Amino acid sequence: MKKLKISEDSPTSLVRDFTIFINYLEKNKITLTKTKQYLRGKDLFKLNHLMTNIVKDVTSRTPQERYPQLHLFYCLSLAGKLYKKEFKGKTKILLKPTENLKKYRELTITEKYFFIFESFWVDADWRELQGGTFAKADVYTVTPVMKFLSQSYAGQKIELKDTVHGELRRMMWDWEYYLLYFELFGFWQVVIDETATKRLSSKRAVFAEILIPTKFGIEMAKILKEERHLERWNLPYREAMGEWNVVPGSPICEIEQDPIDELMRIFGTEGFINAAEKEEIEEPEVEEWQEEEFLEPLKELFDEGELQKTISKGQSKGFIEGNYIFKVSLARGLWRKIKISSTHTLLDLHQIIQNAFDFNNDHLYAFFMTGQPWTEPKFTAPQDYDGIPVNEVQIGELGLEEGQQILYLFDYGDEWRFNVRLEKLNTQEKKVVEAEMIEKKGESPEQYPEYL
């Protein structure tokens, strides 16, 4: 097979445009929006006119999701840890470069492309990346689409409207922005279905009428479909499935916990299954697996030495020792300050918040790390099967920075929303043994007020 080549403009202008993007962030003082913590309209408007493909009909007030390419670049710059958010005061959020940015500039063009692609495939949250009308990202459809692509030929016009490709069209109906993302990565050219787009009257609607695979995309798909299944390699997807500190590519545990045993574990009740019966239960077969870097099978597509290195993003969250002081606010003038150590869990934080506000601890709850409800990553009550259990995560594992705000939502019905802001991280003092409330303001509200 003839080896593939990557330049600033081949297979697309991805590397060149991304370089322009990160240079702009570095040269300008970037302040993020307060709600979604995205780029502001004025910066997006300027950046848009620096890109190869300019989004039309936008103004300096157009939100980030209306710019598919810029939305992708922003998310990847954070997922790849080239930039990080810096929290200043109560509301100001800045975007700051990291040491990885300098390392990125030292990569070859091919290595830059694959650093961006690895950030996309492994580190980025595909639900956040999807900015289209339906805002869905069905990760499980990616491998079948890669399989179909690998069996195509370069330049083939794949008509998604005809009956021959009906199944493919159904799988890709919700892809929307991902149609554009894979085009940007050079997998195919896409002809937009203008009729379907206009029917929804949405500026964010994107549907495909024709896909034209490239040689580059076909060769990439052959490897991805066999050796880099997205379900196993994408970390945010696996965290959403309830796994924590996952090694990319490792086997997915598909054995579900027996509900009765799980309830007994939570409430400390003796099991209903005796020891003899448990011995008869067959142990699941463990898949043989050896950790491998993401790039390894892709190196064969290029000349020897062309694709050698990438930048470590530190898949483990790292552990920050010390005492954490959180200001937990329920309303203006109603807050509690809590001191808790890095070795305490989020379950401990939940319990001290409950005690501090005199609540009954009788409902499900979750911590949302973005500060916004029903977003990922989230950590949930042990009784809740949707999320990472709070008793499995220590405070020091979360990578929190001073000023960062997370959301503690208690009771999925009434939705009591507590803003949890990290006010101080003391890394030198002796860790507290028990979490404690150290300051308070305002009287605790009635959890179940009586209504006339």
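Helices and strands are taken here as DSSP runs, numbered from the N terminus, and in this predicted model the residue P11 accordingly falls in the segment before α1, the helix that spans residues 14-27. The peptide bond that joins S10 to P11 is cis, with an omega of about 10°. A cis peptide bond is likewise found between E376 and P377, where omega is about 0°, and P377 is placed in the loop between β8 (365-368) and β9 (378-380). Most peptide bonds are trans, and most residues other than glycine have a negative phi.

Positive phi values were examined next. N245, although not a glycine, has a positive phi of about 55°, and this residue is located in the loop between α13 (235-240) and α14 (259-267). With a relative accessible area of 32%, N245 is classed as partly exposed, because this class lies between the limits of 20% for buried and 50% for exposed residues. N361, also not a glycine, has a positive phi of about 55° and is found in the loop between α16 (346-356) and β8. The relative accessibility of N361 is 39%, so this residue too counts as partly exposed. A positive phi of about 90° is taken by G186, just after α9.

Helix α9 itself is mostly covered, with six of its eight residues buried; these are Y177, Y178, L179, Y181, F182 and L184. In helix α1, the position of I22 was considered, and the relative accessibility of I22 is 0%, so that this residue counts as buried. I22 and M51 are 29 residues apart along the chain, and their C-alpha atoms are separated by 12 Å.

Helix α5, formed by residues 109-123, has 15 residues and reaches 20 Å from its first C-alpha to its last, which is close to the 21 Å expected at 1.5 Å a residue. Of the 15 residues of α5, 14 are buried, and the helix is therefore largely enclosed by the rest of the structure. The packing of α5 against helix α11 (residues 215-227) occurs at an angle of about 50°, with the two axes 15 Å apart. This angle makes α5 oblique to α11, and the crossing of the two helices is right-handed.

Aromatic contacts were then surveyed, and the structure was found to hold 46 aromatic pairs. A pair of aromatic rings is described by the distance of the centres and the angle of the planes. For Y104 and F115, the ring centres are 5.7 Å apart and the planes stand at 55°, so the pair is tilted. This pair links distant parts of the chain, given that Y104 belongs to helix α4 (residues 99-105) and F115 to helix α5, with their positions eleven residues apart in the numbering. Y104 and F115 are both buried. A further tilted pair is formed by W175 and W188, for which the centre-to-centre distance is 6.2 Å and the angle between the planes is 45°. Here too distant parts of the chain are linked, as W175 lies in the loop between α8 (166-171) and α9 (177-184), whereas W188 lies in strand β4 (residues 188-192), 13 residues apart. Both of these tryptophans, W175 and W188, are buried.

Charged side chains were also found over aromatic rings. K327 lies over the face of W335, at 4.7 Å from the ring centre, and R336 lies over the face of F357, at 4.8 Å from the ring centre.

Finally, N391 was located in the loop between β10 (388-389) and β11 (405-410). The relative accessibility of N391 is 27%, and the residue therefore counts as partly exposed. N391 and A79 are 312 residues apart in sequence, while their C-alpha atoms are 26 Å apart in space.

Note on methods:
Residues numbered from 1 in each chain as written. Predicted model: local features only at pLDDT ≥ 70, side-chain atom pairs only at ≥ 80, totals over all residues. Heavy atoms only, no water. Helix = DSSP H or I, 4+ residues; strand = E, 2+ residues; numbered from the N terminus. Expected span 1.5 Å × (residues − 1). Buried < 20%, exposed > 50% of the residue type's maximum accessible area, 1.4 Å probe, protein only. Phe/Tyr/Trp six-rings, centres within 6.5 Å; stacked < 30°, edge-to-face > 60°. Lys NZ or Arg CZ within 6 Å of the ring centre and 35° of its normal. Axes fitted to C-alpha atoms, helices over the stretch in contact; angles between N-to-C directions. Parallel < 35°, antiparallel > 145°, perpendicular 65-115°, else oblique. Left-handed = near helix turned anticlockwise from the far one by under 90°.
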